[in-house]
There are 2 protein chains.
Amino acid sequence: MQSKIFQLQSGITSKKLVVCAVSCEVTYQGKAETSLAKGDRLIIIKPDGTILIHQPEGNNPINYMKSGTEYTIKWEPPNVVLNAVHIKNSEKLNIIMDQIYFLNSSNLTDAEKIKLSGNEKDMSNMIYANPSIVEHGLIPVNREEQTKYGFIDVLCTDKNNYLVVIECKRFKADLAAVSQLRRYVEKIKTSKGITSVRGILVAPAITSNAMAMLKDWGFNFILIEPPKFKEHIKKTQTKIDEY
Amino acid sequence: MQSKIFQLQSGITSKKLVVCAVSCEVTYQGKAETSLAKGDRLIIIKPDGTILIHQPEGNNPINYMKSGTEYTIKWEPPNVVLNAVHIKNSEKLNIIMDQIYFLNSSNLTDAEKIKLSGNEKDMSNMIYANPSIVEHGLIPVNREEQTKYGFIDVLCTDKNNYLVVIECKRFKADLAAVSQLRRYVEKIKTSKGITSVRGILVAPAITSNAMAMLKDWGFNFILIEPPKFKEHIKKTQTKIDEY
DNA sequence: GGGGAGAGATGCCGC
DNA sequence: GCGGCATTTCTCCCC
């Protein structure tokens, strides 16, 4: 056990990526309080101080602390106790390990950043480039002009010269999306002192209640798929069929 | 390399928790599209099929797929290619590994669930039990009666017999919180056909714009700390000082 | 399964 | 740092 403690200690202090499978109890105090009774978990401590505790199932870590966490390890027979503290965030994590099944520390280097496409920005760019897919006769307002009004996805004028606020959602639009659109329309109305402002919600789908609220406020819903996104899904599906 | 492939393969098929540090490229197609050039990463595959790919820094996995993912491993010299498919979600992940630094598969068992306190439910319970901490003279509406109106945190009547909608936030309240309160107040007004409905936002803090919007709508802000939460932070801080 | 909302949300970009 | 908002958000609860 002591040799594992040394390995754990030196792995952390020498800023390696430390991975271990252990039997442990965990408590956390910080943004909330949590406790987790004894069980088998995977613990990951990264060179930047990030700690992740994973159970054998599920997507998310059951406990975690961010970059900048500092560590103290103690041998309190028959347990190894790992104390993790994030001073700036006033957070504290305590891990009591009664077994260490395996432990590895390695030097990993990775400077790459992920490239992502198919997000909401792509969608608003697509509409901005060709607003007629939303409604015939829409003309985009100059983007610098638009910036004055904050976080509106796309701002246009329609064929009757009404201002049109367009809010995009990548997936099903909900009540919060309608509220958001509503805030933008009201902001334009008050800041420009006009009432001739329309609101359009653009998404591949909308919840029934959101649709009702949209109608209440005289806004429109236009069904548009995110750019290329649907095609990728289809591609994926055909590839899956090939398996 | 081939022995590692076998180890990887058998670890996945025998539903062990597989952990490996590798040099790899990653592409993902599904809810979006991502690509990640060659670098060192930690890959975790759980017994339930969950896969997580972590870079040596940062809190979140750079790529991931959920429980139910299925795997195919191929040896395409000089690389090991891992294909992961989640049929139900129409997602696909491709990992091309040119080096496997270490690999471990272990049988972990953990039936424990985490216990958490200090969340928003605690806060609304506290207010429901003693609404006078929000405003003198408030009386809670029967919880079953309240349930008819949906997701309102706390519903009360005030000393003038006005209905009062209370929305709680654990941290700083923002525009979305005010929009939410607004939706609830409007819903009560229309569903009961009355106009004498007030709205109170309860939180330890509020953004300036949210406060402005709150005033516009005639709602009130009451500063209340989440239950016990602040004390825990203080406790933590004093403990940190002791180090 | 859909709808709604919280989360120890996290992360990004803007000012 | 705050503010506003998207996220391959995720997760939970309720209907």
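Which strand of chain B pairs with E2(A), and in what sense? In this predicted model, select strand E8 (residues 115-117) of chain B together with E2(A): the two pair in the antiparallel sense over three bridges. To place one bridge exactly, display Thr34(A), whose bridge partner in E8(B) is Leu116(B).

Next, widen the selection to the interface of the two chains. Here 74 residues of chain A are in contact with 73 residues of chain B. The area buried between chain A and chain B is about 6200 Å², and carbon and sulfur atoms give 57% of that area.

Turn then to the charged and polar pairs. Four salt bridges are counted between chain A and chain B. For an example, select Arg41(A) and Asp110(B), which form a salt bridge with their closest N and O atoms 2.7 Å apart. Polar contacts across the interface of chain A and chain B number 26 residue pairs, both residues being at pLDDT 80 or more. On the side of chain A that touches chain B, strand E2 (residues 33-45) gives the most, with 11 residues. Colouring that side by class shows 30 nonpolar, 24 polar and 20 charged residues.

Finally, move to a sheet within chain A. Five strands form an open sheet of mixed pairing, in the order E9-E10-E11-E13-E15. Strand E9 (139-140) and strand E15 (220-223) of chain A stand at the edges, each with a single partner strand, so one side of each has no neighbour in the sheet. Inside chain A, select strand E10 (residues 154-157) and strand E11 (residues 163-168), which pair in the antiparallel sense over four bridges. Leu155(A) has Val165(A) as its bridge partner in E11(A).

Technical notes:
Residues numbered from 1 in each chain as written. Chains lettered and ligands numbered in written order. Predicted model: local features only at pLDDT ≥ 70, side-chain atom pairs only at ≥ 80, totals over all residues. Heavy atoms only, no water. Pairing = 2+ DSSP bridges. Contact = heavy atoms within 4.5 Å. Buried area = accessible area lost by both parts, 1.4 Å probe. Salt bridge = Lys/Arg side-chain N within 4 Å of Asp/Glu carboxyl O. Polar contact = N/O pair within 3.5 Å; in protein donor to acceptor, adjacent residues only side chain to side chain. Nonpolar A, V, L, I, M, F, W, Y, C, P; charged D, E, K, R; others polar.
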